Amino acid sequence: MNRLFVFVPVLLGALWSVSCSKSLIDNAQVEAIRPLVEQVEQQRLMDFVVEVTNVRKSKEEQPLDCALLGRSPNSSLCSLTRKLSGEILQRRFESAGLRISHQTGGTEPLTTSNIIAELPGVTHPEEIILVGAHYDAVYQGADDNTSGTAAMVEMARILSQYKFDRTIRFVGFDLEELGLIGSLRYADTIKGERIYSSIVFDGIGYYDFTPGSQRSMPGLPTPEAGDFLTVIADELSHPRAAELFTLNERLGLMKVVPILVPRDGTFTMGGALQRSDHSSLWAVGHPAMFLTDTANFRNPHYHRPTDTVDTLHPEMFRKAVQVSLAAVALWAGGPR
Amino acid sequence: MSRARTLVLALGVLAGAEGRAQEPGALSGDVPAANAPAWLAGHRFSVYLPAGAQVYLSDTRTAGGIGGGVGLRDTFQERFILQVDATYHMLVGNSVVLRAGAGIQRRGVYTPAVLVTLSTFVGDRLTFLTPAHPSVPVVPPYALGLQLAPLRFTYEGMQVSLAEVGIGAGLEFPGVGFAYRLGVLEVSIPLE
């Protein structure tokens with residue numbers, strides 16, 4: 001009997017070691033990607049956030065008509081803007097030389113225009129790496145979600161200088177704040193496409209190293225300080241999440257906490273992990289990962305007028321973009 | 001007093017307390033000696049239906065939730081218990097907890113029990129990658145534990161148990177995970 005008590009845990013441990021010992025990424029891949037990662041510019045990221053939040057602050061852009069939405073005038077959604085920030089996003093994609101298109105839908109006041117920019121793949125153009133972030137925002141929305149759109153713009157600037165095996169597609173989603181409207185409409189149009197991997201940014205610029213600054217939910221073993229980037233991955237994305245995690249470790253960038261959910265995530269914890277556009281992709285059976293600073297679980301300015309550029313942590317924000325760019329470059333099979 | 005001594009004392013109380021003690025094999029629901037092989041004498045088999053919450057928590061995995069299931073129990077001489085059960089849980093996806101247990105109970109109408117259990121959590125779960133666990137583990141979480149059933153009553157072979165509690169631990173290589181169980185209600189029906 002004593003032997004049995006020893007044998008069973010040791011056998012399980014051996015099986016475990018086998019499962020953990022696989023090398024996900026070789027040195028040559030890491031070294032090929034490193035020069036791209038080093039091109040991410042903190043100042044460019046912050047400049048973009050300043051430009052977009054200034055537009056929102058200056059009242060150049062009119063918010064959606066709250067009365068038409070049936071919302072109370074006190075609702076944060078009454079400050080929701082998107083038009084000019086969408087135009088800025090599109091101009092940046094164009095200046096990177098990407099092929100631009102729009103996917104539009106709906107009726108007033110809930111018409112949506114998703115902005116799509118593509119870098120076609122060389123050998124497997126039909127296989128797509130999708131990078132998404134919503135460009136609508138309440139109040140100034142520095143973290144939620146100008147940080148996400150800034151990440152897309154910087155990644156587009158760098159990646160467009162290279163060629164990749166697979167197609168890299170950037171999508172600026174419209175009207176996320178009103179219930180993932182833009183991404184749901186977009187996901188409906190890509191059911192038949194071969195999505196190799198997706199990452200969706202929603203708030204990746206806010207970090208706080210103070211112990212106790214991070215809140216969580218029961219059952220999630222979360223660090224006490226809000227000094228990490230969370231990656232929430234559905235089951236199709238588990239291998240990609242492990243690659244992103246390993247790549248980040250090899251590049252020595254930042255603390256990343258991947259949460260891998262079972263199947264398409266829809267049965268997990270009452271939908272608490274589905275709070276952004278990634279879940280629209282999950283809903284149609286595509287792999288997707290949600291990259292976030294955990295929003296209101298960390299950021300006291302979430303959906304408040306104080307979500308301003310000065311609350312962001314530029315260095316950590318840059319590192320989150322570097323991790324993401326490295327992973328996308330790896331999955332796209334490049335650079336060539 | 002040490003925890004070990006407390007546990008030994010508790011087990012001794014259970015084993016020593018007779019309640020309405022009866023001779024093995026003479027109780028309602030026992031396999032009658034005249035109709036069964038000799039080795040079955042003193043055994044009582046029952047089906048039980050547990051309901052409650054069960055969760056496994058470690059730095060790298062969370063599994064379980066709330067739910068219910070079915071189990072098979074052999075009670076020998078109204079004292080010793082062997083049982084296996086399967087319970088479905090939801091909250092962290094859909095999972096099934098397979099559990100085997102062995103223990104002892106007090107005789108009589110008031111039949112509190114204590115069991116040693118081995119549980120494994122099969123199916124959906126949350127996984128967290130860490131520097132110590134950089135890839136998805138293939139072995140389901142398991143836990144060796146102890147279960148207490150302080151409010152357990154038996155009448156003519158039928159059994160009802162309320163507010164059972166259990167705790168266990170399993171290895172994560174490296175690290176440890178803990179399993180917690182709260183049984184809200186369990187009903188046991190004898191197999192005649």
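# Exercises on a predicted two-chain model

Helix 3 (residues 42-57) and helix 10 (residues 314-331), both of chain A, pack with their axes 9 Å apart and at an angle of about 105°. The model is predicted.

**Exercise 1. Classify the packing of helix 3 of chain A and helix 10 of chain A, then describe their contact.**

Step 1. Start with the angle, which is about 105°. Angles of 65 to 115 degrees count as roughly perpendicular. Helix 3 of chain A is therefore roughly perpendicular to helix 10 of chain A.

Step 2. List the residues. Helix 3 of chain A brings Gln42(A), Leu45(A) and Met46(A). Helix 10 of chain A brings Pro314(A), Glu315(A), Phe317(A), Arg318(A) and Val321(A).

Step 3. Sort them by class. Five are nonpolar, one is polar and two are charged.

**Exercise 2. Find the residues with the most contacts inside the largest nonpolar core, and follow Leu291(A) outward.**

Step 1. The largest nonpolar core has 97 residues. Met155(A), Ala156(A), Leu291(A), Leu325(A) and Val328(A) have the most contacts inside it.

Step 2. Ask which element gives the largest share of this core. Helix 10 of chain A does, with 12 residues.

Step 3. Take Leu291(A) and set aside its neighbours within four places in sequence. Its contacts are then Ile199(A), Val200(A), Phe201(A), Ile204(A), Leu229(A), Val231(A), Ala320(A) and Ser324(A).

Step 4. Look for a second, separate core. One of five residues exists, and Leu64(A), Leu80(A), Ala137(A) and Tyr139(A) are among them.

**Exercise 3. Decide whether Gly226(A) is buried or exposed, and place it in chain A.**

Step 1. Locate the residue. Gly226(A) sits in the loop between strand 5 (194-201) and strand 6 (228-233) of chain A.

Step 2. Count the C-beta atoms. A residue is buried if 20 or more others lie within 10 Å. Gly226(A) has 24, so Gly226(A) is buried.

Step 3. Name the contacts. Beyond four places in sequence, Gly226(A) touches Tyr207(A), Asp208(A), Ser213(A), Gln214(A) and Arg298(A).

Step 4. Compare sequence with space. Gly226(A) and Lys255(A) are 29 residues apart in sequence, and their C-alpha atoms are 10.0 Å apart.

**Exercise 4. Describe how chain B meets chain A.**

Step 1. Count each side. Chain B gives 23 residues and chain A gives 26.

Step 2. Find the elements of chain B that give two or more residues. They are strand 4 (93-105) and strand 6 (126-128). Strand 6 of chain B has the largest share, three residues.

Step 3. Sort the side of chain B by class. It has 14 nonpolar, six polar and three charged residues.

Step 4. Check for strand pairing across the chains. Strand 7 (residues 255-260) of chain A pairs with strand 6 of chain B in the antiparallel sense, over two bridges. Leu260(A) stands opposite Thr127(B).

**Exercise 5. Trace the neighbours of strand 3 (residues 80-91) of chain B.**

Step 1. Begin with strand 2 (residues 61-76) of chain B. It runs antiparallel to strand 3 of chain B, joined by 12 bridges. Gly67(B) has His89(B) as its bridge partner.

Step 2. Inspect the turn. This hairpin has three residues between the strands, and Gln77(B) takes a positive phi near 55°.

Step 3. Move to strand 4 of chain B. Here too, 12 bridges join antiparallel strands. Gln83(B) is the bridge partner of Gly101(B). One residue lies between strand 3 and strand 4 of chain B in their hairpin.

Step 4. Separate the faces of strand 3 of chain B. The covered face includes Ile81(B), Gln83(B) and His89(B). The uncovered face includes Phe80(B), Val84(B) and Met90(B).

Key: Residues numbered from 1 in each chain as written. Chains lettered and ligands numbered in written order. Predicted model: local features only at pLDDT ≥ 70, side-chain atom pairs only at ≥ 80, totals over all residues. Axes fitted to C-alpha atoms, helices over the stretch in contact; angles between N-to-C directions. Helix = DSSP H or I, 4+ residues; strand = E, 2+ residues; numbered from the N terminus. Parallel < 35°, antiparallel > 145°, perpendicular 65-115°, else oblique. Contact = placed C-beta atoms within 7 Å. Nonpolar A, V, L, I, M, F, W, Y, C, P; charged D, E, K, R; others polar. Core = buried A, V, L, I, M, F, W, Y, C linked by C-beta atoms within 7 Å. Buried ≥ 20, exposed ≤ 12 C-beta atoms within 10 Å, placed from the backbone. Pairing = 2+ DSSP bridges.
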